[in-house]
Amino acid sequence: MSLDDQGFLSPEIEKYREEIRAKNHLSFKLVEDLNRFGQQTKYRLEIHIRDGQQLFAGCLLIKLLNDVQAAVILFEKGLVSQGCSMLRVALESLIVLGKICESYEFVHAYAKIGEKDRLKLVRSIRSASTNVFDDIKPELTDELIKKIEETLGGINVQRNLEEWAKDIELHHLYVGAYRLYSQDVHSSPRVLDKFFMKSEENEVIGFEWGPKEDEDLRAELLEAIRYLNHGLGFINKLFELNIDEQLKDFDNQYKELDALAIERS
């Protein structure tokens, strides 16, 4: 089936994938090299199962790696907006990872936030007027709600990603990349502009529903590299892995690519 009939599920997408990777080969290589190093690093984590900070940090590192891998898979197939959405997810993982690694006291609050989110979900389903949840509602008892409330212990914890980013000196990423990629997540009008086909006079003449073989993804892949390097930096500090030199080398390669991207833009 053709790209017109199957979209990005078409076998034809492989041709575009090869062309996109060729155009952005240096950026793809560096993000894949750093990802490989991150995958190897996770085996070095000696996690004590009763240490909540280490447990959460280990899980968040794996999630960050997976988030970045998902973004790369989307980018190489030309799903740029979806890849940017995934980068925002990765950045949120990075901020939480950094906050966990930097503050042992935050672990307790983080767990409470999870229970608060669970309570909100249970209450929302119970109060929904639709019959879609009729099979689930009998399980969402008053006793369950009371148990979650007791776990919270009356503590009013708040999710504040921007403040967490400030605490770990990544506020610039929140102000810039997070808000930029939020436009893709929320399908803002500015994002929809890339789905229009335009004439040389910049008039709309149709819709774009397929990948572009000349897609320049250097900026997006550089962001992915930056998130991985920051994340591994936090892990390095918490677990005392002594991988400072390796991370510095990746950072230098990142800076070289960044300078090259600016020069060619």
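In this predicted model, the residues that line the second largest pocket divide into 4 nonpolar, 3 polar and 2 charged. The pocket in question holds about 240 Å³ of space, and its lining is made up of I225, R226, N229, H230, G233, L247, F250, D251 and Y254. Two helices, α11 (218-239) and α12 (244-264), each supply at least two residues of this lining, and α11 gives the most, with 5 residues.

The largest pocket encloses about 430 Å³ of space. Of the 22 residues along its lining, V80, S81, D184, V191 and K194 are the closest to the centre of the pocket. The elements that contribute two or more residues to this lining are α5 (80-102), α9 (171-185) and α10 (189-192). By class, the lining of the largest pocket comprises 10 nonpolar, 5 polar and 7 charged residues.

From the pockets we can turn to a single helix, α7, which covers residues 142-152 and in which L144, I145, I148 and L152 are buried. When α7 is viewed down its axis, these buried residues fall within an arc of 100°, and they therefore line one face of the helix. The buried residues of α7 pack against α6 (106-127), whereas the face turned away from the buried side carries the exposed residues D142, E143, K146, K147 and E150. Just after α7, the backbone at G153 takes a positive phi of about 65°.

These local features belong to a chain that contains 12 helices and 2 strands, with the elements following one another from the N terminus in the order α-α-α-α-α-α-α-α-α-α-β-β-α-α. The C-alpha trace of the chain spans about 60 × 55 × 30 Å along its principal axes. Of the 265 residues in the chain, 41% are buried, while the surface that the chain exposes comes to about 15500 Å², of which carbon and sulfur atoms supply 51%.

How are the contacts of the chain distributed along the sequence, once those between residues at least 6 apart are considered? Among these contacts, 71% join residues that are at least 24 apart in sequence.

Methods: Residues are numbered from 1 along each chain as its sequence is written. This is a predicted model: local features need pLDDT of at least 70, side-chain atom pairs count only at pLDDT 80 or more; totals for chains, interfaces and linings use all residues. Side-chain values use heavy atoms; hydrogens and water are left out. On a 1 Å grid over the protein atoms alone, a cavity is a set of points where a 1.4 Å probe fits but cannot get out, and a pocket is an open set with protein on both sides within 12 Å along at least five of seven lines; lining residues have an atom within 4 Å of a point. Grid points are joined across faces, edges and corners, and a volume is the space filled by probe spheres set on the points. Helices (H or I, at least four residues) and strands (E, at least two) are DSSP runs, numbered from the N terminus. Ala, Val, Leu, Ile, Met, Phe, Trp, Tyr, Cys and Pro count as nonpolar, Asp, Glu, Lys and Arg as charged, and the others, Gly among them, as polar. Buried means under 20% relative accessible area, exposed over 50%, partly exposed in between (1.4 Å probe, protein chains only). The arc is that of the directions from the helix axis to the C-beta atoms. Contact means heavy atoms within 4.5 Å. Accessible areas come from the Shrake-Rupley method with a 1.4 Å probe; for residues, only the protein chains shown count as cover.
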